[in-house]
Amino acid sequence: MNNLLTESCEIPRGGSQGRDVELGAPMNSGELCLQEFFVKVQEIDKQYEKLDKLLKMLQDAHEESRTVTKAPAMKSIKQRMEKDIDEVLRVARFIKGKIDELDKDNLANRQKRGCRKGSGVDRSRVATTLAVKKKLKDKMAEFQILKERIQQEYREVIERRVFTVTGTRPDEETIDRLIDTGDSEQIFQKAIQQQGRGQIMSTVSEIQERHDAVKDMEKKLLDLQQVFLDMAVLVNAQGDMLDNIETQVAEPFHRIFDQRHEQSR
């Protein structure tokens, strides 16, 4: 296939220079400049699919954790969630790097004949890149929702545990202290004296594992948010631009690319 990053956007002259060898059809300058660009965009889209799967796995693990009452089971879920969120961070950083590459490619592409700033090709590339950035911002929001849900439901689980062991509803201060420290043994001292240490310590251990899991998730999701932060600010600043050019320009070029892709099958 033609090396689309080094070829000029000028319409090739004569022979097979103006044809895509694989597709067997003549291509205009805009299509030549966009084809490899969209291949890179598709590569990023595949990474977004990975993020979707990881988010679903984390959501399922969290749902499972809500009904767990034993420390070993909670520890197992915690380890799975740690592994998944580490992979989320890896994929997110990879996507961020690929988006940075698109920005650099877009600037370099403007030096080619027929692809100057403001041309149809340039506007299509910019609009598509902005759409990819916006998708990253949207993913950040989904993980933020998960973080808030974990925090809220963790609070509810802790309240139920204290009520089950002590028979009384804990006040807000007690719940806050448990959420901050994970240290429930002191709160359960009376129950330990009445019911025996062995029985209560199982609940104490489960609460500690749950506390560690939630705090670890919070920290890693904050790291994830930092990865996305600059991108989110950029998308907000360029939102109007995205709405205007994406509608007017990107869709026609996407349609051209999709048609070519169908022909190649």
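**View 1. Thr-129 and its contacts in the predicted model**. Looking past the neighbours within four places in sequence, Thr-129 touches Phe-37, Leu-102, Asp-103 and Asn-106. Thr-129 itself belongs to helix α3, which covers residues 120–166. How buried or exposed is Thr-129? Its relative accessible area comes out at 2%, so Thr-129 counts as buried.

**View 2. Phe-37 with Phe-38, an aromatic pair**. Phe-37 turns up again here, having already appeared among the contacts of Thr-129. Searching the whole structure gives 1 aromatic pair, and Phe-37 and Phe-38 are the two partners. How are the rings arranged? They sit edge-to-face, with 5.3 Å centre to centre and 70° between the planes. Both Phe-37 and Phe-38 are buried.

**View 3. Arg-169 over the ring of Phe-163**. Here a charged side chain meets an aromatic face: Arg-169 lies over Phe-163, 4.1 Å from the ring centre.

**View 4. Where the predictor is confident, and where it isn't**. The protein has an average pLDDT of 77, and 73% of the residues score at least 70. Which elements mark the extremes of mean pLDDT? Helix α2 (residues 71–109) has the highest, at 92, while strand β1 (residues 19–20) has the lowest, at 45.

**View 5. Two stretches with pLDDT below 50**. Residues 1–26 stay under 50 in pLDDT, and the model gives them 45 contacts beyond four places in sequence. Residues 245–254 are also below 50, with 22 contacts beyond near neighbours in sequence. Where pLDDT is low, don't read the predicted coordinates in detail.

Conventions
Residues are numbered from 1 along each chain as its sequence is written. This is a predicted model: local features need pLDDT of at least 70, side-chain atom pairs count only at pLDDT 80 or more; totals for chains, interfaces and linings use all residues. Side-chain values use heavy atoms; hydrogens and water are left out. pLDDT is the predictor's confidence in each residue, from 0 to 100. Helices (H or I, at least four residues) and strands (E, at least two) are DSSP runs, numbered from the N terminus. Contact means heavy atoms within 4.5 Å. Rings of Phe, Tyr and Trp (its six-membered ring) pair if their centres lie within 6.5 Å; planes under 30 degrees apart count as stacked, over 60 as edge-to-face and the rest as tilted. Buried means under 20% relative accessible area, exposed over 50%, partly exposed in between (1.4 Å probe, protein chains only). A charge sits over a ring if NZ of Lys or CZ of Arg is within 6 Å of the ring centre and within 35 degrees of the ring normal.
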